[in-house]
Amino acid sequence: MQVIAKTININGIVQGVGFRPFIYQLAQKYYLSGEVANTAMGVSIYVEGLEKDIDSFCSDIVSKKPPLAQITTIDIQPALVQNRNGFHIFPSQSADVRSTCIAPDASVCDACLHEFLDPNDRRYLYPFINCTNCGPRYTIIEDIPYDRPKTSMKHFLMCNACSSEYNNPGNRRFHAQPNACPLCGPYVTLYDSSQHPVSTDDPISHVRTLLKQGFIIAIKGIGGFHLAVDAENEDAVCRLREKKLRIEKPFALMSFSIEQIVNYAHVRDVDKQALLTVQRPIVLLSKKENSTISKHVAPNTSFWGVMLAYTPIHVLLTQPPLIALVMTSGNLSEEPIVISNDEAFSRLSPIADFFMIHNRDIYVRTDDSIVRHMGNDCRVIRRSRGYVPTPILLKHKLPHVLACGAELKNTICLTKDECAFLSQHIGDIEHYETYVFFQNTIQHMQRILDIQPRIIAYDLHPNYLSTQYALEQDKMVKIGIQHHHAHIVSCMAENQVDGPVIGLAFDGTGYGTDGHIWGGEILIGEYDRFIRFGHLAYTPMIGGNAAIKSPWRMAISYLYDVFGHGIDLPFLKSINSQEIGFAKRMREKKINTPLTSSLGRLFDGVASMIGLRNHVTFEGQAAIELEMIAKDHCTSRYEYSWSKDIPHVISISQLIEGIVQDLNSNVSASDISTKFHCTLIDMFADFCVHVRNQTGLNRVVLSGGVFQNAILFCGLINSLSLQGFEVITHRLVPVNDGGISLGQAVISAFIAKTLV
């Protein structure tokens with residue numbers, strides 16, 4: 001039978017995931033000769049053998065790839081037979097062009113966990129155990145190809161035993177770049193807040209004791225430091241809140257096992273699946289009543305944010321009798337997470353009592369990811385550790401673009417061919433430290449992905465630091481993108497959907513093309529253009545951004561629209577009368593009262609109006625609490641209407657009138673919240689029917705931070721689906737501003753086609 005040869009070039013996440021030993025073993029299975037090597041483009045393979053065996057080999061590459069591998073492209077070409085002897089793994093090849101993808105960090109795998117807990121294993125309880133199927137990746141890489149000298153493991157010389165594993169193609173640790181053991185690898189040390197070492201033979205066991213005693217511990221992990229306390233210790237939780245300046249925003253919890261989590265949270269099968277994924281994200285779970293977890297972990301909400309231990313260190317720390325640890329990011333509120341030991345002692349000493357550090361450097365800070373099962377699917381709320389830098393695959397091939405994202409929940413996006421690379425969660429770049437993190441992330445991702453953008457996309461808001469950064473760049477085509485158009489296109493791009501579509505873009509703040517603040521928008525959207533078909537009526541934001549922190553200002557503004565001065569409700573009694581008078585005068589004289597059509601601000605205003613919350617300590621707090629008090633079923637609605645001309649202006653006056661009537665009739669806040677949510681669902685579903693009647697469009701895209709509200713999100717999906725609409729939603733990309741950069745990148749690429 002005739003011997004043939006083929007070359008195979010594979011791009012994707014194929015380095016640092018055991019791909020070459022997988023290919024080697026596959027070649028042995030089918031008696032093929034040749035070679036495999038990492039290149040800056042991915043993985044290059046040459047094979048020769050019988051045609052049927054090569055066909056089976058190629059098929060198995062796709063269907064049986066290693067667990068962490070993801071193939072974006074595979075190119076198979078015939079080649080000349082070279083009469084090779086055996087199959088070999090060659091050293092990595094360098095190149096001027098780089099197109100490979102980097103694997104995200106992965107939770108400790110079952111095989112390593114088994115060794116970790118085996119007293120007879122040489123890595124018994126070694127806190128840095130890993131293999132090609134697990135451990136740090138993105139957070140320790142400097143450059144590609146992904147080899148040890150280009151990671152933070154370059155400082156650790158492998159011992160003979162580790163080196164033997166590393167160089168053995170049949171071993172699970174073949175070319176596992178973080179491979180190490182107690183003899184040659186990183187180690188953990190414990191310090192007090194004055195940077196004095198704590199004498200102990202077992203730092204991790206010592207930390208467990210300190211946690212039970214109520215101390216705050218700064219713990220270095222994969223993507224940065226956490227601040228940890230025993231979640232059952234109310235005094236410790238409150239002390240952490242006070243020191244971290246995080247007044248009410250929920251803390252994340254970490255437990256060792258599902259069995260521990262069910263003590264304090266309801267865990268459905270879908271939640272269990274999300275908890276156990278290799279990414280180990282924070283999963284939002286319904287609280288159980290009367291649990292032993294401190295109520296101060298997540299006040300005024302019915303959910304815990306919970307993750308399973310994902311590193312060997314975490315596994316040891318969360319062992320029983322501890323049920324759960326608070327594991328919140330190691331920073332002061334709104335600052336970037338701390339990643340270096342020196343930075344930790346400098347910035348966290350006022351908070352932490354002790355520091356458990358290690359000597360493996362973190363090159364890239366990466367917060368924990370957050371997901372929630374909602375609307376029959378698992379939705380990413382914050383896309384960071386475990387997911388980044390896995391690309392979002394696009395329908396269209398794009399040029400090299402840098403999109404700078406928004407100001408809050410910032411991410412950046414780089415595109416190359418059919419791949420969009422969203423960064424990890426960067427945060428709110430109103431703060432200088434976060435802005436530096438934003439700049440560093442751009443530089444790092446451009447380097448490791450070899451993307452040199454010639455197009456830069458940015459938000460239209462002139463005061464965003466991300467916008468100012470874009471406008472300062474030379475030698476790039478600069479394209480400003482409207483915020484809500486970017487929301488809709490990010491969802492379209494994720495789902496590989498071409499326009500036009502009906503887009504519902506609902507959030508708190510977005511700069512409009514008319515200079516006003518948008519946020520309750522119904523668009524007709526395509527990749528390179530949009531029409532504003534309808535929006536909520538404009539209302540002044542009394543005090544500008546101050547209205548975001550003080551929802552009572554929005555309540556007064558909505559009431560003033562309908563009733564003028566002549567309204568008196570109970571919530572006003574808890575606010576200083578002089579402040580109220582000053583706010584009304586500002587509105588009358590139009591001083592610092594920008595107009596907004598934001599649905600997020602309407603949620604704020606209603607929450608204040610019904611006496612729920614007049615001041616917030618974190619973004620979306622009033623809206624979250626309004627959602628929490630709503631009931632499951634509703635039998636009545638408020639009235640609504642819209643104007644005739646395009647863009648249709650959706651009036652909310654009747655809704656406000658109805659709420660005031662209910663308040664005067666002593667209807668409960670819970671019933672009003674329920675009725676409010678149901679009114680919004682019916683109103684926007686009816687408006688979509690109106691749009692369909694006018695345009696013939698039948699696809700509806702939902703995007704924007706307000707759709708983190710499960711009642712509105714699920715209710716609209718159900719209502720629209722019953723009326724025959726195809727509803728398109730986010731799953732892989734955050735519905736909030738964390739997904740904006742993807743939309744910006746795609747829109748700018750399509751616009752640039754007309755500019756060139």
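Is Asp60 buried or exposed? With a relative accessibility of 8%, Asp60 counts as buried, because the cut-off for that label is under 20%. Keep in mind while you look around that this is a predicted model.

## Asp60, Lys64 and the patch next door

Asp60 has a charged partner: its side chain meets that of Lys64 in a salt bridge, 3.8 Å from N to O. The two ends of this pair sit in different classes, because Lys64 has a relative accessible area of 46% and is partly exposed, whereas Asp60 is buried at 8%.

Val62 belongs to helix H2, which spans residues 51-63. Val62 is partly exposed, at 44% relative accessible area. Together with Ile74 and Ile76, Val62 makes a nonpolar surface patch of about 210 Å². Why can Val62 count towards a patch? Patch residues need over 30% relative accessible area, and Val62 has 44%, so Val62 clears that bar.

## More salt bridges

The whole model has 32 salt bridges. One of them pairs Glu142 with Lys154, with N and O 2.7 Å apart. These two residues are 12 apart in the chain, and each is in the loop between helix H3 (110-116) and helix H4 (160-166). Glu142 is partly exposed, with 29% relative accessibility. Lys154 gets the partly exposed label too, at 37%.

Another salt bridge brings Arg347 and Glu343 together at 2.5 Å, N to O. Both residues are in helix H10 (residues 341-348), and the four residues of spacing amount to about one turn of that helix. Shared partners tie the pair into one salt-bridge network made of Glu335, Glu343, Arg347 and Arg365. The spacing fits a general rule: an α-helix has 3.6 residues a turn, so residues three or four places apart point the same way.

## A buried acid with no salt bridge

Now for Asp428, which sits in the loop between strand S18 (413-422) and helix H11 (432-449). What is the nearest side chain of opposite charge to Asp428? That is Lys409, but at 5.8 Å the two do not form a salt bridge, and Asp428 is buried without one. The cut-off for a salt bridge is 4 Å, so a separation of 5.8 Å falls outside it.

Lys409 does come into the picture through its backbone. The backbone nitrogen of Lys409 is 2.9 Å from a polar atom of the Asp428 side chain.

## Strands and their partners

Strand S9 (residues 252-255) is covered on both faces. Ala252 and Met254 are buried on one side, and Leu253 and Ser255 are buried on the other. This follows the usual pattern, in which side chains of a regular strand alternate between the two faces of the sheet. S9 runs parallel to strand S12 (residues 303-308), with four bridges joining them. Ser255 has Leu308 of S12 as its bridge partner. S9 also pairs with strand S13 (residues 325-329), this time antiparallel and over two bridges. There, Met254 is partnered with Leu325.

Strand S15 (residues 370-373) has two partners to look at here, S11 and S16. Strand S11 (residues 282-287) lies parallel to S15, joined by two bridges, and Ile282 is matched with Ile370 of S15. Strand S16 (residues 378-382) runs antiparallel to S15, with four bridges between them. In that pairing, Arg372 is opposite Arg379. S15 and S16 make a hairpin with four residues in between, and Gly375 in the turn has a positive phi of about 65°.

## Two helices with buried residues

How many of the 11 residues of helix H17 are buried? The count is 11 of 11 for this helix (residues 599-609), so H17 is largely enclosed by the rest of the structure. The buried set includes Arg601 and Asp604, along with Leu602, Phe603 and Val606. Ser598 caps the N-terminal end of H17, placing a side-chain oxygen 3.1 Å from the backbone nitrogen of Gly600. Just after the helix comes Gly611, with a positive phi of about 85°.

Helix H13 (residues 483-494) contains Met492. Met492 has 0% relative accessibility, so Met492 counts as buried. Although Met492 and Leu702 are 210 residues apart in sequence, their C-alpha atoms are 9.6 Å apart in space.

Terms used: Residues are numbered from 1 along each chain as its sequence is written. This is a predicted model: local features need pLDDT of at least 70, side-chain atom pairs count only at pLDDT 80 or more; totals for chains, interfaces and linings use all residues. Side-chain values use heavy atoms; hydrogens and water are left out. Two strands pair if DSSP finds at least two bridges between them. Patches are made of residues with over 30% relative accessible area and no salt bridge: like charges are joined within 9 Å, nonpolar side chains (Val, Leu, Ile, Met, Phe, Trp, Tyr) within 5 Å. Accessible areas come from the Shrake-Rupley method with a 1.4 Å probe; for residues, only the protein chains shown count as cover. Buried means under 20% relative accessible area, exposed over 50%, partly exposed in between (1.4 Å probe, protein chains only). Lys and Arg count as positive and Asp and Glu as negative; His and the chain ends are not counted. A polar contact is a pair of N or O atoms within 3.5 Å; within protein, one must be able to donate a hydrogen and the other to accept it, and residues adjacent in sequence count only if both atoms are side-chain atoms.
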